[in-house]
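Q: Could you take one part of this model and go through it closely with me? I'd like the local details first and then how they fit into the rest.

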Amino acid sequence: MYPDNVTCAILITTLRKAGRSAKEVWEIFEKMSEKGVKWSQDVFGGLVKSFCDEGLKEEALVIQTEMEKKGIRSNTIVYNTLMDAYNKSNHIEEVEGLFTEMRDKGLKPSAATYNILMDAYARRMQPDIVETLLREMEDLGLEPNVKSYTCLISAYGRTKKMSDMAADAFLRMKKVGLKPSSHSYTALIHAYSVSGWHEKAYASFEEMCKEGIKPSVETYTSVLDAFRRSGDTGKLMEIWKLMLREKIKGTRITYNTLLDGFAKQGLYIEARDVVSEFSKMGLQPSVMTYNMLMNAYARGGQDAKLPQLLKEMAALNLKPDSITYSTMIYAFVRVRDFKRAFFYHKMMVKSGQVPDPRSYEKLRAILEDKAKTKNRKDKTAILGIINSKFGRVKAKTKGKKDEFWKYKTNRTTSPGRHRS
């Protein structure tokens with residue numbers, strides 16, 4: 001006996017769920033094809049799903065096109081699979097195209113189809129379109145589910161200053177008898193976070209815990225972000241400790257949120273602890289990590305430690321960017337060490353980094369406020385760099401040109417006196 005297309009479809013699904021790669025599944029399919037197994041809607045649907053699971057959308061689309069050429073029509077499930085894959089890659093135009101193609105072929109969209117489409121527009125921060133799609137679903141006799149309303153909450157939540165609308169969508173969901181999911185609460189907490197309502201974000205977090213809904217790493221990250229924005233490092237630490245007790249494995253976004261929260265308040269010891277957690281989780285520190293860590297040390301008055309952090313970056317083969325150098329420049333200007341500020345500015349220019357005009361405006365403001373009459377030469381030197389094109393300064397022909405040549409004085413040496 002030879003395997004038929006039903007056996008082939010079951011085998012493909014089993015292999016996919018067992019974690020076999022799309023390439024392996026395809027090779028097995030080819031062997032079965034050689035034995036006379038004919039392509040069917042179920043078989044190619046399984047193949048499309050296998051490739052989409054690995055993010056191989058273009059390959060999945062090729063398979064779908066080949067099936068269409070063979071006279072086997074795609075069904076709604078196949079289109080949903082393709083739309084979902086493109087949506088996860090943030091290719092919204094392709095999602096729209098597939099939806100239009102699907103309807104042009106006379107296929108009826110399912111609730112899952114609308115959920116994918118609504119999620120795509122939520123990513124685009126277009127809540128008005130999500131509202132329209134929700135009504136369209138209902139007009140077609142499709143019942144919106146928790147995922148549908150979560151898309152709406154997310155659409156409003158991603159749009160700043162619309163957290164009240166996100167809360168309204170959350171209440172609408174509960175009024176129709178749907179129980180919020182972890183994703184629903186996370187979307188609501190995120191909405192409050194970006195609008196600066198950290199108290200409401202935390203209240204929603206407590207509410208979901210009381211209802212027995214386990215917060216995900218995304219939920220914790222959203223709560224941490226709320227307190228990062230508010231500058232409440234006490235709550236930031238409290239939520240982090242709770243997360244560790246619950247054995248929730250953080251992501252790079254989680255740790256960057258924590259690190260930035262501590263860094264902005266100058267808590268360099270706590271910031272170091274976060275970087276330590278990075279290592280425990282196998283996450284390699286990035287340039288952004290060190291930029292935030294430098295900010296923590298600078299704000300904490302530990303400017304003397306900044307050169308050491310620069311050495312650590314070099315050991316990890318991390319190339320400092322203009323933000324790295326700017327952070328160091330600000331730190332040394334803050335303590336009136338203009339010579340070091342100038343030195344690291346020079347390093348930044350030599351490394352090929354393009355100075356950020358906004359950063360220089362801020363630096364100018366700091367100098368105007370901090371620099372005193374006795375530092376007039378230092379102030380003039382730095383402002384000269386700021387005002388010059390791309391921060392470049394023409395070298396003088398006279399004097400010894402070491403790293404601090406601008407600060408050499410030309411006093412006349414008299415008997416018994418030494419040049420300072």
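A: Here is a walk from one helix to the pocket, then to a single threonine, and finally out to the whole chain. Keep in mind that this is a predicted model.

Let's start with α9, which runs over residues 146-158. Its length checks out: at 1.5 Å a residue, the 13 residues should span 18 Å, and the end C-alpha atoms are indeed 18 Å apart. The N-terminal end has a cap, N145, with a side-chain oxygen sitting 3.2 Å from the backbone nitrogen of K147.

Is α9 enclosed or not? Since 11 of its 13 residues are buried, α9 is largely enclosed by the rest of the structure. The buried set is V146, then the run S148, Y149, T150, C151, L152, I153, S154, A155, Y156 and G157. As for what covers these buried residues, the list includes α7, α8 (127-139), α10 (163-175) and α11.

Now for the pocket. The largest one has a volume of about 820 Å³. It is lined by 23 residues, and the closest to its centre are S154, R158, T186, E218 and S222. S154 is also one of the buried residues of α9. Several helices share the lining: α7 (111-123), α9, α11 (182-194), α13 and α15 (252-263) each put in at least two residues. If you're thinking about the chemistry of that lining, the split by class is 11 polar, 7 charged and 5 nonpolar residues.

That brings us to T219, which belongs to α13, the helix covering residues 217-230. With a relative accessibility of 0%, T219 counts as buried, the cut-off being under 20%. Its side chain makes a polar contact with the side chain of S216, at 3.0 Å. Leaving aside residues up to four places away in sequence, T219 touches S182, T186, I189, F205 and M208. One of those partners, T186, is also among the residues closest to the centre of the largest pocket.

Zooming out, the protein has 22 helices and 0 strands. Across its 420 residues, 46% are buried. Among contacts with a separation of 6 or more, 61% join residues 24 or more positions apart. The touch between T219 and T186 is one example of a contact between residues well separated in sequence.

Technical notes:
Residues are numbered from 1 along each chain as its sequence is written. This is a predicted model: local features need pLDDT of at least 70, side-chain atom pairs count only at pLDDT 80 or more; totals for chains, interfaces and linings use all residues. Side-chain values use heavy atoms; hydrogens and water are left out. Helices (H or I, at least four residues) and strands (E, at least two) are DSSP runs, numbered from the N terminus. Buried means under 20% relative accessible area, exposed over 50%, partly exposed in between (1.4 Å probe, protein chains only). A polar contact is a pair of N or O atoms within 3.5 Å; within protein, one must be able to donate a hydrogen and the other to accept it, and residues adjacent in sequence count only if both atoms are side-chain atoms. Contact means heavy atoms within 4.5 Å. On a 1 Å grid over the protein atoms alone, a cavity is a set of points where a 1.4 Å probe fits but cannot get out, and a pocket is an open set with protein on both sides within 12 Å along at least five of seven lines; lining residues have an atom within 4 Å of a point. Grid points are joined across faces, edges and corners, and a volume is the space filled by probe spheres set on the points. Ala, Val, Leu, Ile, Met, Phe, Trp, Tyr, Cys and Pro count as nonpolar, Asp, Glu, Lys and Arg as charged, and the others, Gly among them, as polar. The expected span of a helix is 1.5 Å times one less than its number of residues.
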